Amino acid sequence: MDKVKVGILGATGLVGQKLVQLLLKHPWFELELLTASGKVVGKKYGEIVKWLQGPFTPLELNELIVKNTDLDVVRESKVELVFSALPSNDALSIEVELAKRGVIVISSSDAMKFEEDIPLLNLEVNADHVELIKLQYRRGWRGALLKIPNCTAVILTLALKPIMDEFGLKKVIVSTMQSISGAGLTGVPSIDIIDNIIPYIEGEEERVEKESVKILGSLESQAVKPADIAISASCHRVPVIEGHLEAIFIETIEEPSVERALEALEEFKGNKIRALNLPTAPEKPIIVRRELDRPQPRLDRYINDGMSVVIGRLRVDKALRGLKLIALGNNLIRGTVGTGILIAELLTVKGFYL
Ligand SMILES: NC(=O)c1ccc[n+]([C@@H]2O[C@H](COP(=O)([O-])OP(=O)(O)OC[C@H]3O[C@@H](n4cnc5c(N)ncnc54)[C@H](OP(=O)(O)O)[C@@H]3O)[C@@H](O)[C@H]2O)c1
């Protein structure tokens, strides 16, 4: 199969850098276009990027020229698919215009996540929602727009899915400890976060609550019916570089048992996509740790190349007469970039390029 030519909008940011790192070695995709805000246009990526992804600077990365994030630039580049890692305010108009003009756009920004025909995908949980893009032709689009959920919601819904399938869910309370990379390159000044915890992340609690019920919802007559689960989130920024930890308290519909829940989590494979053998799909999207002091960000955020959610401390919750557990996910990989690349892989095997 010929490689699919892809581009990254916002390639110099934290999400963009992780996309560059993972796509350069991808077997199906060829990196053809990198864009940024306009300050650095025309310079080589390796010269201008403030690289924060470890000791990794392959030659081809240094040679790629960064372009302006502009419709004509994308069209001239002949990419079939772009990953958009633009700030939400700047993403909307360009993402829509590109979809209109025949490009597939996979985006991590907030814009349009709740429109009826826009899928919000965490593949092992809701791969069937991808069918919504077939409705986008009503907008007159020749391409399509698909959204990657908020990173905290990706981790939460993956942890909840096996428990929902086993016992049903009534109520979920989640308290998060989110790393600073979740706020992007310029997000949290060091003077604010070192030796500190910030108990507020603008808009995050609303995003987690609203996105999670759409992701866990069911596809019915050409729209997603949100899951009937009451979700309450309290979100906090902590001095960790990568990896979001979530303390999750669950009221189930059926009386749960720890043994059955453990089995459901350990056996969870995300069957809807498992059979497709997508290159980025982990064999086990959920890893259960039995040690009392795991998961921990420093020790567990790169398990399965950062693509699995790690769960520990599963126990009975007496207050909710349900379960409680700790979940950890790599916010940049599983939470964002890896989930976006999985979506691109699914579209490739389903032949959704138009
Ligand atoms: N970080 C995470 O874990 C995470 C998780 C989920 C979703 N997201 C979402 O993903 C997107 C990117 O996040 P990030 O953390 O990578 O942000 P970031 O580090 O601030 O990077 C933003 C990127 O967009 C470019 N950009 C900024 N303003 C622009 C404009 N007006 N026109 C064109 N390009 C522009 C920047 O280019 P310059 O370098 O030239 O400024 C940079 O490449 C955001 O929508 C964010 O909400 C992030």
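Which cysteine holds the closest sulfur to the sulfur of Cys151, and how far away is it? The legends below start there.

This is a predicted model, in which local features need pLDDT of at least 70, side-chain atom pairs count only at pLDDT 80 or more, and totals for chains, interfaces and linings use all residues. Residues are numbered from 1 along each chain as its sequence is written, and side-chain values use heavy atoms, with hydrogens and water left out.

**View 1. Two cysteines, Cys151 and Cys235, without a bond.** The closest cysteine sulfur to that of Cys151 is in Cys235, 9.5 Å away, which is too far for a bond. A disulfide is a pair of cysteine sulfur atoms within 2.5 Å. The structure holds zero disulfides. Cys151 is buried, at 11% relative accessible area. Cys235 is buried too, at 0%. (Buried means under 20% relative accessible area, exposed over 50%, partly exposed in between, with a 1.4 Å probe and protein chains only.)

**View 2. The ligand between two domains.** Domain 1 (4-150 + 337-350) and domain 2 (151-331) both give residues to the shell around the ligand, so the ligand lies between them. The domain bounds come from an automatic or database domain assignment. The shell has 25 residues, each with a heavy atom within 4 Å of the ligand. Thr12, Val15, Ser37, Leu86 and Ser108 come nearest.

**View 3. Polar contacts to the ligand, from Lys39, Leu86 and Ser181.** Such a contact is a pair of N or O atoms within 3.5 Å; within protein, one must be able to donate a hydrogen and the other to accept it, and residues adjacent in sequence count only if both atoms are side-chain atoms. Lys39 brings a polar side-chain atom to 3.2 Å from a ligand oxygen. Leu86 uses a backbone N or O atom, 2.7 Å from an oxygen of the ligand. At Ser181, a polar backbone atom is 2.9 Å from a ligand nitrogen.

**View 4. A cis peptide bond between Arg294 and Pro295.** Omega of this bond is about 5°. Pro295 sits in the loop between strand E12 (286-288) and helix H12 (297-300). Helices (H or I, at least four residues) and strands (E, at least two) are DSSP runs, numbered from the N terminus.

**View 5. Positive phi at Asn277 and at Arg321.** Phi of Asn277 is near 50°. Asn277 lies in the loop between helix H11 (271-274) and E12. At 57% relative accessibility, Asn277 is exposed. Arg321 also has phi near 50°. Its loop runs between strand E13 (309-317) and strand E14 (322-329). Arg321 is exposed, at 71%.
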